[in-house]
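Here is a friendly tour of one model, with a few side chains and an enclosed space to look at. Please keep the viewer open as you read.

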Amino acid sequence: MRYIIIGAGAVGGTVGGRLAQAGQEVVLVARGAHGKALAEDGLRLRVPQGELHHRLPVVEGPDGLGTLRADDVLLLAVKTQDTEAALRAWGPAPVEGGGTAADRLPLVCAQNGVESRRIALRRFRHVYGVCVWLPATHVDPGTVSAAGTPLTGILHLGRYPHGTDDTVREIAADLEKAYFEAPVVPDVSRWQYAKLLANLGNALEAVSGPVADSGPEAQALYARVRAEGEAVLRAAGIAWTDAEEQQAARGDKVTLVPLDGVARGRGSSWQSLSRGTGTIEADHLNGEIVLLGRLHGVPTPLNELLQRLANRFARERRAPGSLPLPELVRLADDAVAFVQEPPGPAA
């Protein structure tokens, strides 16, 4: 198999670099300053074992490869807000022997949230979901850092919407040779919804700083945000893996260690603000809870607030963590109070 990593940032760059280290054929898809650095200087992957330097083929899109191979795997690692554009480009790409990528090739969605799989299934016949437990950082062009050891990450995989097959087992076997644990599960959505609940704190970190470093006030606010998410999933009849099952799967397999010359990593939303990309994935994390809440009649004022603030920070290219936590808590209390106020008398 040849792995085409569509979006060679923190997750994609780490997976692509580790696969290349394990002897797999890898192509990186990237644009802008990062794509230029990858093409000119190669991928620098900083891990606990040292810095790995891979000179891999780099393209901006399918035209850079021509006709795709029948054994290609498309691994989608862009942010969800960029999914539609990526699939519109890659879906019609011709494949040797006839047909297109959308008809014939496996598309593996290694992304936060749960929406990309649905977007993909509108265009691609063979879609696979991944629950990504992979602490990785991408801030500087050409460089990706992954501080986990002894494993770099744990990637639960399965067909979407459900099931398994020989293709996903072969992909998992390749990942298992590349510093990952890659369990193949028939219910990958359960794992991804559990990760979604954890990712509800991404926007909080992005606007006001890391929850773990900000004391009990930040942790209490995240607990309220997550409680909204759990209430929504219960109302929607959506199952997720509980803390005990997740801990049993993780154990001490991915322990973070300091990397020389690498600042402590932050979440993907914080990294987006740090790079000044102008977009952020809050619409598909907190916004997923907001959507489900509206569909099932569950108020979600805290997730609405974080979604709105994260988008404003991205749009205005504000520095990550620049909203004082007491101000965010005040805004959160006001948002909850507004929802709880009874409606005024009819005019």
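With which side chain does the side chain of N303 make a polar contact at 2.9 Å? The partner is the side chain of N286, and E228 also offers its side chain to N303, as the table shows. A polar contact here is a pair of N or O atoms within 3.5 Å; within protein, one must be able to donate a hydrogen and the other to accept it, and residues adjacent in sequence count only if both atoms are side-chain atoms.

| Side-chain pair | Polar contact distance |
|---|---|
| N303 and E228 | 2.8 Å |
| N303 and N286 | 2.9 Å |

This is a predicted model, where local features need pLDDT of at least 70 and side-chain atom pairs pLDDT 80 or more, while totals for chains, interfaces and linings use all residues. Numbering starts from 1 along each chain as its sequence is written, and side-chain values use heavy atoms, without hydrogens and water.

N303 sits in helix α13, residues 301-315 (a DSSP run of H or I, at least four residues, numbered from the N terminus). N303 counts as buried because its relative accessibility is 0% (buried means under 20% relative accessible area, with a 1.4 Å probe and protein chains only).

Now for the cysteines. The disulfide count is 0, taking a disulfide as a pair of cysteine sulfur atoms within 2.5 Å. For C109, the nearest cysteine sulfur is that of C131, 13 Å away, so the sulfur of C131 is too far from its closest counterpart for a bond. C109 is buried at 1% relative accessibility, and C131 is buried at 1% as well.

Key. Helix = DSSP H or I, 4+ residues; strand = E, 2+ residues; numbered from the N terminus. Buried < 20%, exposed > 50% of the residue type's maximum accessible area, 1.4 Å probe, protein only.
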